[in-house]
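New to this one? Take a look at the sequence and the model, and then we'll walk through a few spots together.

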Amino acid sequence: MTDLVSPVTHPKGRSTQRRSTGFARLWQRADRPARLYLSLFAVVLLVTLVGPLLAPFHPDEQSLLARLRPPVGFDRAMPAHPLGTDQLGRDLLSRTLHGLQLTMLIALVGSLISLVIGVTLGVIAGYARGRLGSAIMALVDIQIAVPFTLIALLVVAVFGNSLPVLIAVIGVSGWEVYARIVRAQVLSVSRQPFVEAAIAAGAPHGRILFKHVLPNVASAIIVVWTMTFSAVILLESSLSFLGLGVQPPTATLGSMVGLGRDYLASSPWIAVVPSLVIMFVSLLVLLIGDWLRDALDVKLK
Amino acid sequence: MLDFLARRIFGAAATLLVVVTAVFFATRLSGNAMDYLLPPGIDPETQAAMVARFGLDQPLLVQFGNFIAGLFQGDMGLSLYERRPVTAIYAERLPNTLELFFYALVLSVVVGLPLGVAAALQRKNAIGAAIMGVAFLGYATPNFVLAIVMILVFSFKLHWLPSSGSATPLHLLMPAIVLAAPMLAEIIRFSRNALLDVMSQDYLRTARAKGLPEHLVIGKHALRNAAIPVVTVIGLQVAGMVARCVLVEAVFATKGIGDLVVFAAIGRDYPVLQFGVILIATLVVTVSLVVDLLYVLIDPRVKVTAS
C-alpha cells in the first residue's frame, strides 16, 4: 500500500535524497553554531565512552598525603592531579571522568525508559481514545500537577538510595511530556488521508501504527528526547547532590558537587570542577535541542 | 464559564486525592518504621509501646482512615525524631518559605519586565543580545550550581552575604535570587517576544502614523497588549518555583518547608515527609488553579472550550 502511494506523493527527484541517512542530511543543513554544538557533543560522548580508560587513578583511591590539592596553576598544586584532589586525596580528574560516565549512563537509560513509557501511553491515548485515552490523560494531568522532586523524595525514602532506584526514579519522570505531545501528534496524523486510506484498505492496527503513524511522530519524539535530556541530567545531579542518588564513594557529577559543598570555603575546586562539567553538558544539550526543534520544524504545543 | 470552573476545581481535588492516597501507601511500603528507628536489642515490650504510640499496630485501612480524618482535623501525627506534632513544625517553618517566595517573585518581576522591554527595544544591538544571553544562562544553569557559585563569590570571597540560615532578610537574598533565576529568565524572554509580536501589529503603525510620541506608543499600546502572555508565564513559573524551593532551601538551609522535606526523606521521618509532600503538592495545585482562573478573567479572548 505505502509502496504504491509513495512515488505519487514524493516527486522522483527527492527519492535519491531520501537514501541518505537522517543525520547526514541534518548536518548539511546545520549552520555554523549548530555544527559547533554537535561537534562538542561528539567530544563529550567520546570522553564519556573512553574517559574512565584515560583516568590516571582509580576514582575511589585515597591518598592522604595529597589531600585538598588545588588544580594546576594554583599554589600547592601537584602535576599528577591536574584538576586537584578532594578531602580524601582522591584525584578529581579521575572522579570527574568516571562521574561523567555514570551520570550520562543514568540519564541515558532513565530517559529512554521514560521515552518508552510516555510514547506507548501517548500512542494508546491518541490512537485508542475513548475511556482508556481519558484515563491516561488524567494521569498525565496529575503528573504535571505534582512536582517531580516530591515523588523522587518519596521513592528514595521508601526504597533507599541505590543505582537501580535512581534510574527507576528518572525513568518515571518526564514520561508525561512524551505522552502529551505524542498523543497530539498521533491524533493529527490519524486524520491524514494516507492513514484513512490504510484503515479503509483493511490494514491491521499494528501495521498502521508502526508503518504509518510512528514514523511521522518520530521527529517529535527525537526533539522531545533531546530537549528533556538536559533536564534529566539536572534531575540526576540534583538528587545526587542532595545525597539521594548513588551511594558513596561512587562518583556521579552531582554527588561530587554535594560532597564538595562542605569544603567550599577552603577548597572550592572540589565542587566547582564537576559543576562546570554539568553546566557545560546540559547547556550543550539544551542548545542542540533548540536547534533540532527548529531544524525538524516540530511544533510542541 | 461555570462549567469550566467546576471542572478545573474537580480536577484539582481529584489530583490531591490521588496524591494523598499515593503518599500514604508509599510511605508504608517499606514496612514498620519502628523496626529501624529503635536501637537493636530493645526489649519487646518497649518496642510494642512505641509501635502503639505512633498507631502503627493498627490495620492499614484503619490507619488510612485515621490519616484522612487527621488531615481534616490538622492532626498529622508526631515527628519520629522531634516527637512534636508535624503540623506545629510546619507552622513554624512555612513563614520562612512564604517570605522567600515573596522576595523571589518580586525580584523576578521587578528585574525581569524592564529587562525584557529593554531587550525588545534594543534588539538590534549588543545590549539586547547581552540581556538575552544572560536570560539563557539563567534558564540553563542548574539551581545548585548557581547557588554554589553565588556562595563562593558573595559569602566567601566578598563576605557580603551569609551563606546559610534565615535569621534576617539578608540571609534570604541569595536563596531568593537562585529561586528566581529561571523565572526571571522566562519573564525576560516572554516579555521581549510578546512586545516584539505586538510591535509588528497594524494598530501600532496607526498609532505612530497619527503622530503619537514613541514613549506613548510603547507605553500605552504595546505594553498593555504584551502583558497577557507575561501574566501567563508568571503563573506557570510560580508553580515551578514552589517545586524548586525543595532544592534551593536544602542548599541554603533556610529553615523553610523545602529543607524540612528533604531531611525528612533522608532520615525517613515519614510523618514529616508525607505531610510535606501533601502540603507542597497542595500549594502547587492551588497556585495553578488560581492562575488558570485569573487568566480567564484577565483575557476576555480566552476561549473556554470543553476538552
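Before we start, one bit of vocabulary: a residue is called buried when its relative accessible area is under 20%, exposed when it is over 50%, and partly exposed in between. Also keep in mind that what you're looking at is a predicted model.

Let's begin in chain B with Lys255(B). Its relative accessible area is 47%, so Lys255(B) is partly exposed. You'll find Lys255(B) in the loop that links helix H10 (214-252) to helix H11 (257-267) of chain B. There's a quirk in the backbone here: Lys255(B) isn't a glycine, yet it has a positive phi of about 55°.

Now move to Arg83(B), in the loop between helix H4 (60-73) and helix H5 (86-121) of chain B. Arg83(B) is not a glycine either, and its phi is positive, at about 55°. With 40% relative accessibility, Arg83(B) counts as partly exposed.

Over to chain A. An unreviewed UniProt entry annotates residues 36-55, 102-128, 135-159, 165-182, 213-235 and 269-292 of this chain as "transmembrane region". How does the model draw two of those stretches? Residues 135-159 of chain A are 92% helix and 0% strand, with end C-alpha atoms 28 Å apart. Residues 213-235 of chain A come out as 100% helix and 0% strand, and their end C-alpha atoms lie 31 Å apart.

Finally, zoom in on Thr226(A), part of helix H10 (residues 205-241) of chain A. Is Thr226(A) buried or exposed? Its relative accessibility is 11%, so Thr226(A) counts as buried. Leaving aside residues up to four places away in sequence, Thr226(A) touches Val285(A), Ile288(A), Gly289(A) and Leu292(A).

Terms used. Residues are numbered from 1 along each chain as its sequence is written. Chains are lettered from A and ligands numbered from 1 in the order in which they are written. This is a predicted model: local features need pLDDT of at least 70, side-chain atom pairs count only at pLDDT 80 or more; totals for chains, interfaces and linings use all residues. Side-chain values use heavy atoms; hydrogens and water are left out. Helices (H or I, at least four residues) and strands (E, at least two) are DSSP runs, numbered from the N terminus. Buried means under 20% relative accessible area, exposed over 50%, partly exposed in between (1.4 Å probe, protein chains only). Contact means heavy atoms within 4.5 Å. UniProt positions are given in the numbering used here, feature names are shortened, and annotations may be inferred rather than shown by experiment.
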